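Me: I am new to this structure and should be grateful for a guided reading. May I put a series of questions about it?

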Amino acid sequence: MIDMILIEAHAAELRALLSSANGAEAAGYVLFGVADIASDPWTGLRRRRLVSHEVIPVPDEDRVSASGVHVTWSTRSFVRLLKKAEERGLVLGIAHTHPGSTAFFSDQDDRNEKDLLRIVSNRSGDGHGFASVVLGGDGSVCARHWTSPNRSEACERVLVSGRELILHGVGAMPVEEMLDRQARLFGPAFNPLVRSLRVGIVGCGGTGSPTAMLLARLGIGHLLLVDDDTIELTNLNRVHGSRLDDVRAKASKVDVLAREIRGAEIGVQVATFRGWVGDADVRDAMRSCDVIFGCTDDHDGRLFLNRLAYYYGIPVIDMGVRIIPKSKDRPYEMAGRVTVVAPGTPCLLCRGLIDPVRARDEALRRTDPDEFERRKAEAYVSGGGDPAPVVVTFTTETACMAVNELLQALTAFRGDGGMKPERRRRFDAIEERTTTCSPRQECEQCATPRIWGRADVTPFLHRIG
């Protein structure tokens with residue numbers, strides 16, 4: 001099984017690079033990062049995901065000829081880039097246009113690409129291949145991955161990923177009466193689209209549990225729930241689906257939500273992972289997602305998701321709730337925040353939403369609690385304070401804001417432009433505003449595209465420890 005993510009900025013770069021004023025076909029190269037997933041969380045099958053990392057034009061001196069039905073160029077640059085890709089652990093891809101039609105692979109494409117495969121095999125040996133992408137004049141995209149000997153695998157889906165989410169390769173499906181009302185609003189293509197999506201939710205508490213319930217009722221086909229906590233008595237006022245029996249049984253939050261969603265029998269496949277999001281065992285699951293909702297309040301978890309979004313081109317919709325009680329010196333402060341993290345948007349670090357010192361202390365508490373307590377006693381790390389106040393209506397409304405951003409990415413119901421990088425809603429003042437910032441010049445994640453789509457690296461996400 002193989003699929004592909006084209007990062008939105010790379011897709012736009014390709015379209016611009018391959019546009020032709022005279023309607024002739026054009027070609028270019030793409031270097032892809034590779035995510036080799038040992039076990040897809042919903043099927044248990046192996047999966048390879050190619051993620052666009054860099055777009056490279058065909059050098060002028062290598063171009064031979066082009067017309068409305070063909071494009072020809074020398075393979076010199078192809079061979080040079082094969083070496084570069086091999087040295088960096090990437091996959092080389094070729095991309096070309098069919099400006100007068102939808103995207104498809106022609107008989108001529110088959111013949112030409114088999115010739116290229118022989119070049120790859122002669123240079124690198126069996127087991128090495130390359131990717132091929134076709135951009136149709138109608139906006140469609142198709143892709144495949146050539147492998148030795150003489151065989152190609154079609155990418156079952158191509159996701160153009162960023163502030164907009166455009167999924168190519170979604171087939172027709174029977175009309176579901178349960179989802180008819182939303183199809184009347186967004187059109188017949190909407191329900192097959194959401195059924196095809198794979199969505200992760202990290203943190204299944206006050207914001208994560210309503211997010212999971214809302215996505216399930218929308219008809220999202222595949223949900224991944226990640227959390228390491230159990231249901232406590234104080235969770236009952238805001239964790240949707242939780243019961244007093246769950247407190248007595250010390251049931252995990254992910255199991256409670258999975259029980260409620262499966263019990264509704266609404267066609268959602270649910271996978272669960274009880275643990276911290278950065279655990280090695282959950283990496284396959286996270287890399288299999290198309291979009292992730294960050295509903296965790298720990299800084300180390302946010303730091304992990306922040307890097308994942310850029311390395312794998314998977315948008316993270318992060319959310320938070322800030323509630324400060326009224327006092328004699330100040331009025332209530334009640335606010336929800338939804339921030340979109342993806343290549344092309346400022347990251348959570350540049351926005352000041354992650355405290356690296358707190359992230360370090362949280363990691364120490366999780367991996368070495370004895371050392372954490374020793375350092376806490378010596379005032380080297382921060383300890384836990386009183387729990388923050390929280391009300392179910394505000395956490396649920398924040399979840400609604402976040403899910404509506406996903407709807408905007410899929411349908412553009414608010415107009416073009418995709419998801420807003422950040423929205424903040426004041427519940428006490430009945431106001432909402434959008435915010436943005438400029439990346440810090442030294443930020444490796446959002447200031448430059450150097451790591452965008454780099455995918456699998458050692459150590460994972462280049463995180464030490």
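Reply: The questions and answers below concern a predicted model.

Me: Which residues have the most contacts inside the largest nonpolar core?

Reply: The largest nonpolar core comprises 82 residues. In soluble globular proteins, nonpolar side chains tend to be buried together. Within this core, the residues with the most contacts are Leu215, Met286 and Phe293.

Me: Which helix gives the most to this core?

Reply: The core in question is the one of 82 residues. Eight of its residues come from a single helix, spanning residues 299-312. The helix that gives the most is therefore H10.

Me: What does Met286 touch, leaving aside residues up to four places away in sequence?

Reply: Met286 belongs to the residues with the most contacts inside the largest core. With residues up to four places away set aside, Met286 touches Val202, Leu224, Val226, Val277, Ile292, Leu305, Leu308 and Ile314.

Me: How many residues has the other core, which lies apart from this one?

Reply: Ile2, Leu6, Ala11 and Leu14 are among the members of this other core. Its residue count is 22.

Me: Which are the edge strands of the open sheet of nine strands?

Reply: The sheet has mixed pairing, and its strands follow the order E9-E8-E7-E6-E2-E3-E1-E10-E11. An edge strand pairs on one side only, as do the strands at residues 151-154 and 165-168. These edge strands are E9 and E11.

Me: By what average angle are neighbouring strands of this sheet turned against each other?

Reply: The angle is taken between neighbouring strands, with direction ignored. On average it is 25°.

Me: Which residue in E8 stands opposite Val134?

Reply: Strand E7 (residues 130-136) and strand E8 (residues 141-147) run antiparallel and are joined by six bridges. Opposite Val134 in E8 stands Cys142.

Me: What angle does the direction of helix H3 make with that of E8?

Reply: Helix H3 (residues 107-124) packs on the sheet, where it touches E6, E7, E8 and E9. Its direction makes with that of E8 an angle of about 40°.

Me: Is Phe186 buried or partly exposed, and what of Phe190?

Reply: The two residues form a tilted aromatic pair, 4.8 Å centre to centre with 45° between the planes. Buried means under 20% relative accessible area, and exposed over 50%. Phe190, at 3%, therefore counts as buried. Phe186 has 27% relative accessibility, so Phe186 is partly exposed.

Me: Over the ring of which residue does the charged end of Arg366 sit?

Reply: The ring concerned has its centre 3.5 Å from the charged end of Arg366. The residue bearing this ring also forms one aromatic cluster with Phe304, Tyr312 and Phe460. That residue is Trp276.

Me: Which residues of strand E5 are buried?

Reply: Strand E5 (residues 70-73) forms a hairpin with E4, with two residues between them. In a regular strand the side chains alternate between the two faces of the sheet. Along E5, His70 and Thr72 point to one face and are not buried. The buried residues, pointing to the other face, are Val71 and Trp73.

Me: Which residue takes a positive phi in the hairpin of E18 and E19?

Reply: E18 pairs with strand E19 (residues 431-434) in the antiparallel sense over four bridges, and Arg425 stands opposite Glu432. Four residues lie between the two strands of the hairpin. The residue with a positive phi, near 50°, is Ile430.

Notes
Residues numbered from 1 in each chain as written. Predicted model: local features only at pLDDT ≥ 70, side-chain atom pairs only at ≥ 80, totals over all residues. Heavy atoms only, no water. Core = buried A, V, L, I, M, F, W, Y, C linked by side-chain atoms within 4.5 Å. Buried < 20%, exposed > 50% of the residue type's maximum accessible area, 1.4 Å probe, protein only. Contact = heavy atoms within 4.5 Å. Pairing = 2+ DSSP bridges. Axes fitted to C-alpha atoms, helices over the stretch in contact; angles between N-to-C directions. Phe/Tyr/Trp six-rings, centres within 6.5 Å; stacked < 30°, edge-to-face > 60°. Lys NZ or Arg CZ within 6 Å of the ring centre and 35° of its normal.
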